[in-house]
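Good morning, and thank you for making time on the agenda. I would like to take you through the ligand sites of one structure, so please bring it up on the screen.

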Amino acid sequence: MIHPQRIHSLNTFRPAEGCVVYWMQRDQRVEDNWAMLYAREQALETGQPVQVVFCLVPGFLGATIRQYGFMLRGLQEVERLLERKGIPFSLLTGQPGTVIPGYLLEVKAGLLVTDFNPLKISMQWQREVSAAIHIPFVEVDAHNILPCRTVSDKLEYAAFTLRKKVERQLPEFLTDFPLLMPQSAQVSRHPDMKTAWDDVYRALKVDRSVPEVDWITPGETAASAGLSDFLANRLEGYATDRNIPEKRGQSDLSPWLHFGHLSARRVAWEVQRSKADAGSKMAFLEELIVRRELSDNFCLHNPQYDTVAGFQPWARGTLDKHHSDAREFHYTPEQFEQAATHDDLWNAAQREMTVTGKMHGFMRMYWAKKILEWTVSPEEAMAVAIYLNDRYQLDGRDPNGYAGIAWAIGGTHDRPWGEREIFGMIRYMNYKGCLRKFDVRKYISLHE
Ligand code: FAD
Ligand code: FO1
């Protein structure tokens, strides 16, 4: 049932007696989750119970209460939905390398399953846990439609090289999900065994100066409703509307995709079957499948994905050549953060992000490219863009963000363009270009 190419063994221990534990990280949902289905399947095969654990790590990549609040409410629903399936859920707090091994001993686990995440921090957690356990440890790619480790075995330079591989393999992987089989309530959990979510929320050591947002509800039930709303109202016309920042032409699915409340495969499955115009379906699937999976490929095969060192040689060369070009404007991280530049369009995009937690996709390109233009070096530009993106975006701290910022500032997955000041041959974008493309005044008025 689970495609073998989704499964990646992290050690060579043979299965031992004991329960199956799914250490949930990136794919924070019960249904449509290949890692959950694999853990359940292994439990059925060995006649053992399965249970789920999530390790709450304070200070994850600079996340604030905006992201942790969203995530914790989504996890509360995970616990509720698992309860209905007779599958226990436990929330641990601390560094995974410290708390997971002890937990596995306590519950006498015989197999540990986790989901796939190409970010360095998650790979580090995986290594630390792996070094401290003596039971089989298996990673399942529950995030990508085509498993990242096998759709390509190398760093892809552009969408077109990955697209060919995606098109060839898609039919094999874009299959439907089976429902998660309930298990007879193992340990009928004592009510006070349930997670004290309010206490967890209050006790969490996290920056609370970035307010939570209320335009989107976390969790897999709300995500599924959000998908239906997009399919019914915004997929038609997506091909043209998605690049008009003053319109709500995008799906607004990224926060749920980032936290795994929604499976990309579910989205692709429903989009393929929708009656919307073919151009919009194709444009959307290109973003959802090729662009998104290209980001995972970028982070898996290029550990320097968040630095200038991760740029292609041609890009590093051209930016070096223009390293000391005069900058007409220069802003400090605080001025950027307060949307205090000379550019009213850039300021509006920054405010959209700080207020709503989600900047329009088209504006993210302009936003990041101007940071390159108004800082003293590409190194400073990367640091400022990643800091602001991951502090304010609900969908931040994601491979899509590191790939998107590297695209904008370092031409990753792009080609060389005509050479100019500061940018060298990195694609340039400017205010005049925006005026030609959309109603700048309208967009600015929406984000005063
Ligand atoms: P839609 O247009 O509805 O697209 C649907 C889905 O397709 C998205 O949720 C996403 O999973 C995928 N997708 C769309 N565009 C891209 C893209 N360019 N690259 C990769 N996947 C894509 N995306 C994030 O998830 N987190 C980030 O932190 C992030 N930072 C970015 C920073 C910059 C500088 C740039 C240029 C892009 C960034 N993106 C990021 C990619 C993209 O802008 C967002 O995924 C998209 O705007 C999310 O909104 P949506 O779900 O409504 O998009
Ligand atoms: N993953 C965890 O396993 N534990 C956490 O405490 C955690 C916090 C967190 C906060 C913000 C955020 O955007 C992501 C967070 N993640 C956490 C990771 C997330 O679920 C994904 O694994 C990564 O963002 C990779 O996409």
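Ligand 2 lies between domain 1 (4-143) and domain 3 (308-446), because both domains give residues to the shell around it. Please bear in mind throughout that this is a predicted model.

Which residues come nearest to ligand 2? Of the 20 residues around the ligand, these are Cys55, Val57, Asn117, His258 and Arg397. Three of these residues deserve a closer look. A polar side-chain atom of asparagine 117 is 2.6 Å from an oxygen atom of ligand 2. For histidine 258, a side-chain N or O atom lies 2.7 Å from an oxygen atom of the ligand. Cysteine 55 takes part through its backbone: a polar atom there is 2.8 Å from a nitrogen atom of ligand 2. On its own, ligand 2 has 510 Å² of accessible area, and the protein covers 100% of that. The ligand sits in the largest cavity.

As for the elements around this site, β3 (50-56) and α2 (65-84) each supply at least two residues of the shell. The largest share, 3 residues, comes from β3. By class, the shell around ligand 2 comprises 12 nonpolar, 5 polar and 3 charged residues.

Let us now turn to ligand 1. Where does this ligand lie with respect to the domains? Domain 2 (144-177 + 220-301) and domain 3 (308-446) both contribute residues to its shell, so ligand 1 lies between those two domains. Ligand 1 sits in the largest pocket. Four elements give two or more residues to its shell, namely α10 (254-258), α12 (278-301), α16 (361-373) and α18 (399-410). The largest share, 6 residues, comes from α12.

There are 26 residues around ligand 1, and those that come nearest are Tyr238, Ser251, Asp252, Asn389 and Asp395. In the side chain of serine 251, an N or O atom is 2.5 Å from an oxygen atom of the ligand. Nitrogen atoms of ligand 1 also have polar side-chain atoms around them: one of glutamate 287 at 3.1 Å, and one of arginine 364 at 3.4 Å. The protein covers 93% of the 820 Å² of accessible area that ligand 1 has on its own. Sorted by class, the shell around ligand 1 holds 8 nonpolar, 10 polar and 8 charged residues.

To close, I would return to the domains: domain 3 gives residues to the shell around ligand 1, and domain 3 also gives residues to the shell around ligand 2. Thank you for your attention.

How values were computed: Residues are numbered from 1 along each chain as its sequence is written. Chains are lettered from A and ligands numbered from 1 in the order in which they are written. This is a predicted model: local features need pLDDT of at least 70, side-chain atom pairs count only at pLDDT 80 or more; totals for chains, interfaces and linings use all residues. Side-chain values use heavy atoms; hydrogens and water are left out. A residue is near a molecule or strand if one of its heavy atoms lies within 4 Å of it. A polar contact is a pair of N or O atoms within 3.5 Å; within protein, one must be able to donate a hydrogen and the other to accept it, and residues adjacent in sequence count only if both atoms are side-chain atoms. Accessible areas come from the Shrake-Rupley method with a 1.4 Å probe; for residues, only the protein chains shown count as cover. On a 1 Å grid over the protein atoms alone, a cavity is a set of points where a 1.4 Å probe fits but cannot get out, and a pocket is an open set with protein on both sides within 12 Å along at least five of seven lines; lining residues have an atom within 4 Å of a point. A molecule sits in a cavity or pocket if more than half of its atoms lie within 2 Å of its grid points. Ala, Val, Leu, Ile, Met, Phe, Trp, Tyr, Cys and Pro count as nonpolar, Asp, Glu, Lys and Arg as charged, and the others, Gly among them, as polar. Domain bounds come from an automatic or database domain assignment.
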